[in-house]
Amino acid sequence: MPAPPPTNAVFTTMSSKAYGMLAVLCGALFLDALDVSMKGVALPAIGTSLDMSTSTLQWVITGYVVGFGGFLLLGGRAADLLGRRRMLLASLMVFVIGSTVGGAAPNGEVLIAARFLTGVGAAFSAPAGFSIITTSFAEGHIRNKALAIFTATGATGMAFGMVIGGLLTDLDWRWVFFAPSVVGLAAFLGGLALIPRSPRPEGGAKDFDILGAVTITATMVLVVFTLVQAPEVGWASARTVGSLVAAALLLVVFTAIERKIDKPLVRLDMLRSPALVRANIAAMSLIGAWIGVLFTMTLYFQDYRGWSAMETGFAVSPVGLVAAVLSTRIAAPMVGRFGVERVVLAGMTSAVLAYALLQFLTADSSYAALLLPAFLLIGLGFSLAYGPLTMAAADSVPVEDQGVAGGLVNTSFQIGPALGLSVATAVNAANTGPAPSEVLHGLRVALAVPLIFAVLGVLAMLPALRRRVVAPAAAPLAQEEAARG
């Protein structure tokens with residue numbers, strides 16, 4: 001059931017103050033989204049400089065993903081109970097410290113620890129920023145527009161990470177860490193000045209479910225860790241199976257805890273919301289498919305066709321360009337006309353078409369005839385689905401649970417890539433060989449994984465076609481512009 005309009009909304013029009021606050025939140029999300037893809041381009045230079053082996057080097061990415069994915073639900077509830085502004089500012093400083101230590105790291109051990117710390121900071125900042133928007137902007141057109149801008153920034157950061165990372169790596173790989181520190185510090189200072197203070201949440205720290213927080217955080221850390229390690233140790237290995245069983249047992253314990261206490265970390269009845277469940281499945285599918293494609297196409301461009309990291313970054317940049325241009329222009333108006341879930345369904349369908357095109361990949365596929373159309377369709381898919389997925393999560397829960405809803409959908413945005421990357425890696429490894437034809441065969445089989453992920457996202461959203469679309473109560477754009485003028 002849709003949440004009632006927030007009674008304490010700060011902004012009912014897109015004023016200059018509203019845009020200022022939104023710029024700060026977008027800066028924080030841009031850093032979170034940029035991080036993994038930007039660091040990936042710098043890995044060879046990092047490994048050479050710090051004398052890190054290939055197996056150790058992957059933890060530059062994995063450490064961040066484990067910290068981010070493992071602490072998101074805790075970060076979401078902390079924002080609800082301890083104050084969203086406070087948690088955002090504190091987590092930005094954690095992110096800045098982690099990035100700075102990573103840039104100055106004298107060895108791989110310090111760098112990996114810094115990456116985990118940076119991921120934890122992002123895990124608290126992402127749901128805090130999301131819930132600040134959903135509780136500060138009046139429900140309807142204004143909030144949808146703010147969320148469209150916010151999530152377009154995330155999609156753009158994720159898509160442009162390779163380009164920016166390539167440019168910074170050419171200067172010095174340490175700038176891949178120092179540059180985010182500078183941007184993070186600017187976002188922190190901007191947040192101090194531009195994010196309005198709000199009343200302390202009732203209850204606050206005394207209502208914090210410590211036992212539930214420890215249990216679910218351990219569960220999520222173990223799940224993400226297992227998914228990213230499975231391709232290396234084997235999906236059927238005792239370590240992988242044992243870790244998944246342990247995670248399942250921890251989840252059972254967490255459920256039992258949440259049923260017994262008065263102020264649970266996650267209200268279990270939230271998970272009975274079909275809209276929230278569908279949003280999270282589609283979120284895993286959307287980002288999981290994209291990361292699987294990014295991994296596979298990076299191998300195709302660089303290892304198979306001999307392109308540089310910079311050429312590869314620019315090759316995939318149309319995804320970010322389309323997402324940046326179209327997300328703010330078409331997502332919110334289409335949501336108002338067709339409903340949020342139907343727009344997500346359209347975005348997932350665009351992704352399916354893109355990944356279906358990539359099944360025709362050959363040794364000398366034309367960029368203009370095959371690859372560019374696929375990347376443009378992926379960008380369209382992000383434009384239609386990424387932002388509306390966060391809208392769907394926000395609309396499905398009450399105001400007091402907005403942080404948890406943000407944590408849930410962002411957790412899905414992290415588990416999806418971990419799962420998509422793990423499966424694509426395993427499929428590629430099982431089907432490749434030393435001969436060029438065998439390498440190409442492995443890449444083509446791996447590209448079936450994103451297609452399957454995207455199809456699952458479409459299937460999750462199909463129930464939206466059976467429901468009538470009810471236009472949300474929102475001020476018309478003309479009225480907004482008149483008020484602003």
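The following exercises, each with a worked solution, concern a predicted model of a protein chain.

**Exercise 1. Overall composition**

Determine how many helices and strands the protein chain holds, and what share of its residues counts as buried.

Solution.
Step 1. The secondary structure of the protein chain consists of 17 helices and 0 strands.
Step 2. The protein chain has 485 residues, and 56% of them count as buried.
Step 3. The accessible surface amounts to about 19,100 Å². Carbon and sulfur atoms account for 68% of that surface.
Step 4. Consider the contacts between residues at least 6 apart in sequence: 84% of these join residues at least 24 apart.

**Exercise 2. The nonpolar core**

State how many residues the largest nonpolar core has, and identify those with the most contacts inside it.

Solution.
Step 1. The largest nonpolar core has 136 residues.
Step 2. Within this core, the residues with the most contacts are Ile46, Phe137, Trp290, Tyr355, Leu371 and Phe382.
Step 3. Helix H1 (residues 16-50) supplies the largest share of the core, namely 16 residues.

**Exercise 3. The salt bridge**

Locate the salt bridge of the structure, and explain which parts of the chain the pair ties together.

Solution.
Step 1. The structure holds 1 salt bridge.
Step 2. Its partners are the side chains of Arg278 and Glu341, with an N to O distance of 2.9 Å.
Step 3. Because Arg278 belongs to helix H10 and Glu341 to helix H12 (residues 340-357), the pair ties together parts that are 63 residues apart in sequence.
Step 4. To classify the partners, apply the cut-off for burial, which is under 20% relative accessible area. Arg278 has a relative accessibility of 13% and is therefore buried. Glu341, with a relative accessible area of 5%, is buried as well.

**Exercise 4. One face of helix H15**

Identify buried residues of helix H15 (residues 436-446), and explain how they are arranged about the helix axis.

Solution.
Step 1. In H15, Leu440, Gly442, Leu443 and Ala446 are buried.
Step 2. Viewed down the axis of H15, the buried residues fall within an arc of 155°.
Step 3. The buried residues therefore line one face of the helix.

**Exercise 5. Two buried polar residues**

For Ser125 and Gln414, find the helix in which each lies, the degree of burial and the residues in contact.

Solution.
Step 1. Ser125 is placed in helix H5 (residues 108-136). Its relative accessible area is 5%, so Ser125 is buried.
Step 2. When residues up to four places away in sequence are not counted, Ser125 touches Asp32, Leu88 and Ser91.
Step 3. Gln414 lies in helix H14 (residues 402-431). With a relative accessible area of 14%, Gln414 is buried.
Step 4. Neighbours within four places in sequence being left aside, Gln414 is in contact with Val65, Phe68, Gly69 and Leu72.
Step 5. Gln414 and Phe68 are 346 residues apart in sequence, yet their C-alpha atoms are 7.5 Å apart in space.

**Exercise 6. Three loop residues**

Place Leu271, Trp307 and Asp51 in their loops, and decide for each whether it is exposed or partly exposed.

Solution.
Step 1. The loop between helix H9 (238-260) and helix H10 (274-304) contains Leu271. At 45% relative accessible area, Leu271 is partly exposed.
Step 2. Leu271 touches Val277 and Leu408, residues up to four places away in sequence not being counted. The C-alpha atoms of Leu271 and Leu408 are 10.0 Å apart, although 137 residues separate the two in sequence.
Step 3. Trp307 lies in the loop between H10 and helix H11 (309-338). Its relative accessible area of 23% makes Trp307 partly exposed.
Step 4. With neighbours within four places in sequence left aside, Trp307 is in contact with Phe301, Gln302, Thr312 and Ala315.
Step 5. Asp51 lies in the loop between H1 and helix H2 (54-57). Its relative accessible area is 70%, so Asp51 is exposed.
Step 6. The phi angle of Asp51 is near 55°, a positive value in a residue other than glycine.

**Exercise 7. A nonpolar surface patch**

State which residues form the nonpolar patch that includes Val455, and characterise Val455 itself.

Solution.
Step 1. The patch is formed by Ile452, Val455, Leu456, Leu459, Leu462 and Leu465. Together these residues have about 520 Å² of accessible area.
Step 2. Val455 is located in helix H16 (residues 448-461).
Step 3. The relative accessibility of Val455 is 34%, so this residue counts as partly exposed.

Methods. Residues numbered from 1 in each chain as written. Predicted model: local features only at pLDDT ≥ 70, side-chain atom pairs only at ≥ 80, totals over all residues. Heavy atoms only, no water. Helix = DSSP H or I, 4+ residues; strand = E, 2+ residues; numbered from the N terminus. Buried < 20%, exposed > 50% of the residue type's maximum accessible area, 1.4 Å probe, protein only. Contact = heavy atoms within 4.5 Å. Patch = residues over 30% accessible without salt bridge, like charges linked within 9 Å, V, L, I, M, F, W, Y side chains within 5 Å. Areas by Shrake-Rupley, 256 points an atom, 1.4 Å probe, with all protein chains shown as cover. Salt bridge = Lys/Arg side-chain N within 4 Å of Asp/Glu carboxyl O. Core = buried A, V, L, I, M, F, W, Y, C linked by side-chain atoms within 4.5 Å. Arc of directions from axis to C-beta.
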